[in-house]
Amino acid sequence: MEPNFIKKISYLLYCYLEGSASEKDRQYFHLYTRIKKCALCSSLVQSRNTVVTGQGPVPCEVMVIGEGPGYHEDRQGIPFVGPAGHLLSKMLASINLDRKNVYITNIIKCRPPQNRDPQDDEIKNCLPFLEEQIDLISPKIILTLGKFAIQTLIHSRQGITHLRGKEYTYHTVPVIPTFHPAALLRNDSLKKETWQDLQMFGKKYQALSTGYTFIKKRTK
Ligand code: SF4
């Protein structure tokens, strides 16, 4: 289990046993343990090393939702820790956001074999967990990465190239999609549009949050 989560869950367990945990802490603890024990997707259960639940404060104003764990995430049990994760941290920093202050998770919580795309039944199996996470995290705004995250949240089959550059809502929460950092690592030409999406996201978030100042700065 990943070190940050060991600390968090140990703390929540302590509070729970002491009777001092908030209702939200209790709900998160229950959700976390249910996700960790889940074995609904038989092929993923065989190939996964661990279940990657999510990382970040609960509740949290900003939520980032990707596709599914990759090799590094599956090894460490933390979302977005490999090269794509490093790039995500830079993307967030480019709009003045520290990833420590963002809750990050994926559409599916277990790594598909050979990093294949998540299948419809796997997304369907895992969606109730994501819905509960969004409910508990109570974000003011959501950034989605790649086509599966936005398709799932808005029930669309359109590609990310068509869906990006616009704002959507998930149960009244604004959702802004952009490309997955892994796609950016493969295709440099997507950077300009991603930068535009991040600008849109930063401006929208500034309009929603009194504690956030959008600073336009370019990072390579
Ligand atoms: S992907 Fe989600 S639903 Fe499928 S086994 Fe993992 S936690 Fe369970």
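Two residues are in contact here if their C-beta atoms, placed from the backbone, lie within 7 Å, and axes are lines fitted to C-alpha atoms, for helices over the stretch in contact, with angles that run from 0 to 180 degrees between N-to-C directions. Helices (H or I, at least four residues) and strands (E, at least two) are DSSP runs, numbered from the N terminus.

The structure in your viewer is a predicted model, in which local features need pLDDT of at least 70 and side-chain atom pairs count only at pLDDT 80 or more, while totals for chains, interfaces and linings use all residues. Residues are numbered from 1 along each chain as its sequence is written.

**The whole chain**

Begin with a cartoon view of the chain, where you can find ten helices and five strands. A residue is called buried if 20 or more other C-beta atoms lie within 10 Å of its own, exposed if 12 or fewer do, and partly exposed in between, with C-beta atoms placed from the backbone. Of the 220 residues of the chain, 40% count as buried. Among the contacts in the chain with a separation of 6 or more, 67% come from residues 24 or more positions apart.

**The sheet**

Next, select the five strands, which form an open sheet in the order β2-β1-β3-β5-β4 with mixed pairing. β2 (103-106) and β4 stand at the edges with a single partner strand each, so one side of each is left without a neighbour in the sheet. Neighbouring strands of this sheet are turned by 30° against each other on average, direction ignored. Two strands are said to pair if DSSP finds at least two bridges between them.

Start at the β2 edge and select strand β1 (residues 62-66), which pairs with β2 in the parallel sense over four bridges. Methionine 63 is a useful residue to click, since its bridge partner in β2 is tyrosine 103, and its bridge partner in β3 is isoleucine 142. β1 and β3 also pair in the parallel sense, over four bridges.

Move on to strand β3 (residues 141-145), which pairs with strand β5 (residues 173-178) in the parallel sense over four bridges. Along this pair, leucine 143 stands opposite isoleucine 176, and leucine 145 stands opposite threonine 178. If you show the side chains of β3, Ile141, Leu143 and Leu145 point one way and Ile142 and Thr144 the other way, and all are buried. In a regular strand the side chains alternate between the two faces of the sheet.

At the other edge, select strand β4 (residues 168-170), which is joined to β5 by three bridges and runs antiparallel to it. Threonine 169 of β4 stands opposite proline 174 in β5. The two strands form a hairpin with two residues between them, and histidine 171 in the turn has a positive phi of about 50°.

**Helices beside the sheet**

Now add α6 (120-137), which lies across β1, β2 and β4 and runs at about 170° to β2. Then add helix α10 (residues 191-208), which lies across β1, β3 and β5 and runs at about 165° to β5. Helix α5 (residues 83-93) comes next, with Ala84, Gly85, Leu88, Met91 and Leu92 as its buried residues. They cover an arc of only 110° around the axis (the arc is that of the directions from the helix axis to the C-beta atoms), which puts them on the same side of α5. These buried residues pack against α9 (181-186) and α10.

**Around the ligand**

Select the ligand and then the residues near it, where a residue is near if its C-beta atom, placed from the backbone, lies within 6 Å. Of the 14 residues around the ligand, Cys38, Cys41, Cys110, Asn125 and Cys126 come nearest. α3 (42-47) and α6 each supply at least two residues of this shell, and α6 gives the most, with three residues.

**Three stops in the loops**

Go first to the loop between α3 and β1, where proline 59 lies, and look at the cis peptide bond that joins valine 58 and proline 59, with omega about -5°. Continue to serine 138 in the loop between α6 and β3, a residue other than glycine whose phi is positive, near 50°. Serine 138 is partly exposed, with 14 other C-beta atoms within 10 Å. End at histidine 155, in the loop between α7 (147-154) and α8 (160-163), which has a positive phi of about 55° although it is not a glycine. Histidine 155 is exposed, with 6 other C-beta atoms within 10 Å.
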